[in-house]
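User: I would like a close look at one part of this protein, the binding site listed in the record. Please walk me through it and then place it in the rest of the chain.

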Amino acid sequence: MSGFIVGGCAHVFLAQIGDALGIKLPSRSGPGYLYTRAIDVIELLPKTNIPTAIISACSVGFLVFSREILEPWLASVFEFPVPYELILLIVGITATNFAGLSDRHSIDVVKNISTDFPPPTLPRFELVPSIFVDSVSIAVIAVAIHLTVTKIVEKRYHYKISSGQELYSLGFVGVFSSFFPVFPVTSVFARSVIGVAVANSTQMTVCFSSLVLLAVILFIGPALELLPKCILSSMVIVSLTCSLSKLRELRQLWPMFKVDFAIERKQIDLTPLKNANVPIFFIVGGPGSGKGTQCERIVNKYGLSHLSSGDLLRAEVQSGSARGAQLVKIMEAGELVPLEVVLDLIKEAMVNEVKKGSKGFLIDGYPREVKQGDQFESEIQPATLVLFFDVSEDTLVKRCLKRAETSGRCDDNIETIKKRLATFNNATAPVTDHYEKKNKLVRIAAEGTIDEIFSHVTPHLDRVFGSNQKVAASA
């Protein structure tokens with residue numbers, strides 16, 4: 001899905017870059033269209049219309065500044081999103097009108113928009129025999145594109161969309177539109193990207209956009225005649241940036257399978273987890289900090305589910321699944337398991353536990369780096385607290401050596417233990433600093449007995465669950 005998003009962005013970008021630079025690109029189609037269009041852009045780059053390029057750069061700058069800097073600030077002031085794109089359109093039309101940009105600097109504008117609504121007519125059924133094969137091919141492609149975009153939206157908003165419902169709606173629109181001279185109907189990737197960028201996520205989006213389009217056709221068309229095409233192209237290009245961020249996934253996918261990054265990420269329905277809205281606690285502590293023992297006590301008292309990324313990885317490998325086999329290859333090659341794969345395993349486990357009635361989650365040994373925590377909170381939900389079991393290095397070493405007497409683990413010797421502690425401290429410091437700045441970090445003094453340490457834990461959890469929280473075992 002991420003590959004389709006990036007590929008679609010490449011097509012949309014090359015379709016818009018000509019208008020953004022004021023270059024007249026030759027019409028291209030057929031196999032290799034994308035590459036020939038890219039070559040055309042490179043060859044005609046010296047013919048860029050400088051005023052058009054300046055307007056495009058200013059438009060892109062305004063939209064990026066508005067979204068990245070103004071939007072977070074204004075979000076606390078207004079209860080509705082500010083229509084920056086509409087503001088840009090109004091400014092562009094006004095400037096073109098009063099400064100005569102189209103005539104003076106050869107700025108390509110939208111020009112005449114017909115305001116005549118075509119009357120409906122019956123389809124010409126006599127053409128069916130000659131276009132049947134092409135029509136079936138177009139229908140299959142339209143359905144494939146529509147369902148693919150649907151899956152992208154599913155992934156973006158974490159909810160399930162019925163494919164049957166989508167096909168019914170697509171068929172209804174196709175039949176209805178056949179009474180008018182229109183192109184075959186399917187989802188438009190560029191339009192969907194813009195919709196995601198401006199947080200359109202309800203059916204009212206289609207209602208309002210259709211009414212606006214109808215108003216443009218019937219009444220507003222003449223007012224848009226002086227709108228520079230480069231502004232429209234700039235809006236589409238800026239809307240692609242969130243989707244192009246998918247390229248960052250290549251860094252995580254590369255270690256998994258260097259031939260074609262072919263490990264499968266499952267589509268996980270997080271609706272049960274979202275609806276449950278249970279608290280999530282990240283558990284951080286060095287080897288020998290006693291966090292495992294404390295997690296057991298927390299589970300018994302509060303009815304939470306204890307998840308460890310290491311246990312989940314081992315269980316997946318032992319399951320004999322295709323994903324487990326690929327994980328074995330990654331670990332045997334000495335590579336790190338990508339964050340996305342670990343996160344998918346945690347998602348699946350959390351959804352299963354919620355269905356069993358879990359009251360919340362302890363995510364043990366997580367996150368190991370700031371990016372890991374940010375990705376978790378972005379894709380699942382923000383953590384309620386981060387419990388950091390704070391123990392001096394001397395105590396950790398003593399506890400690990402004590403454990404070595406009975407564990408039989410070959411890595412429980414003083415040199416190895418100190419190396420593990422150094423690695424943990426270097427990796428954990430940015431994590432604890434990050435969550436301390438977000439006022440989510442709770443430092444647990446973990447030097448005493450098990451009961452003493454647990455007495456430091458419970459006040460923080462009681463504030464989350466309420467002071468009258470009963471022990472799960474006796475509830």
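Analyst: Arg 403 sits in helix 19, which covers residues 393-407. The model is predicted. Why does Arg 403 count as partly exposed? Its relative accessibility is 30%, and partly exposed means between 20% and 50%, so Arg 403 falls in that class.

UniProt names Arg 403 in an unreviewed entry, under "binding site". The entry also lists Gly 288, Ser 289, Gly 290, Lys 291, Gly 292, Thr 293 and Gly 448.

Take Gly 448 next. Gly 448 lies in a loop. Strand 5 (441-445) is on one side of that loop, and helix 21 (450-465) is on the other. Gly 448 has a relative accessibility of 34%, so Gly 448 too is partly exposed. What does Gly 448 touch, once residues up to four places away in sequence are set aside? The answer is Arg 399 and Ile 453. Arg 399 falls within the 393-407 range of helix 19. Ile 453 falls within the 450-465 range of helix 21.

Now the wider chain. There are 21 helices and five strands. Of the 475 residues, 37% are buried. Among contacts with a separation of 6 or more, 78% join residues 24 or more positions apart. The accessible surface is about 27400 Å², and carbon and sulfur atoms account for 63% of that surface.

What lies inside? The largest nonpolar core has 34 residues. Phe 282, Met 350, Phe 361, Ile 363 and Phe 376 have the most contacts inside this core. Several elements give two or more residues to it, including strand 1 (280-285), strand 3 (361-364) and strand 4 (385-390). Helix 17 gives the most, with nine residues.

Look at Phe 376 in particular. Beyond its neighbours within four places in sequence, Phe 376 contacts Ile 280, Phe 282, Leu 343, Ile 346, Met 350, Ile 363, Tyr 366 and Gln 381. Another core lies apart from the largest one. This other core has 23 residues, among them Phe 281, Leu 362, Val 397 and Val 442. Val 397 falls within the range of helix 19, 393-407.

Last, the cysteines. A disulfide is a covalent bond between the sulfur atoms of two cysteines. The count here is zero disulfides. Cys 207 is partly exposed, at 35% relative accessible area. Cys 295 is buried, at 0%.

Key
Residues numbered from 1 in each chain as written. Predicted model: local features only at pLDDT ≥ 70, side-chain atom pairs only at ≥ 80, totals over all residues. Heavy atoms only, no water. Disulfide = S-S within 2.5 Å. Buried < 20%, exposed > 50% of the residue type's maximum accessible area, 1.4 Å probe, protein only. UniProt positions renumbered as here; feature names shortened; annotations may be inferred. Helix = DSSP H or I, 4+ residues; strand = E, 2+ residues; numbered from the N terminus. Contact = heavy atoms within 4.5 Å. Areas by Shrake-Rupley, 256 points an atom, 1.4 Å probe, with all protein chains shown as cover. Core = buried A, V, L, I, M, F, W, Y, C linked by side-chain atoms within 4.5 Å.
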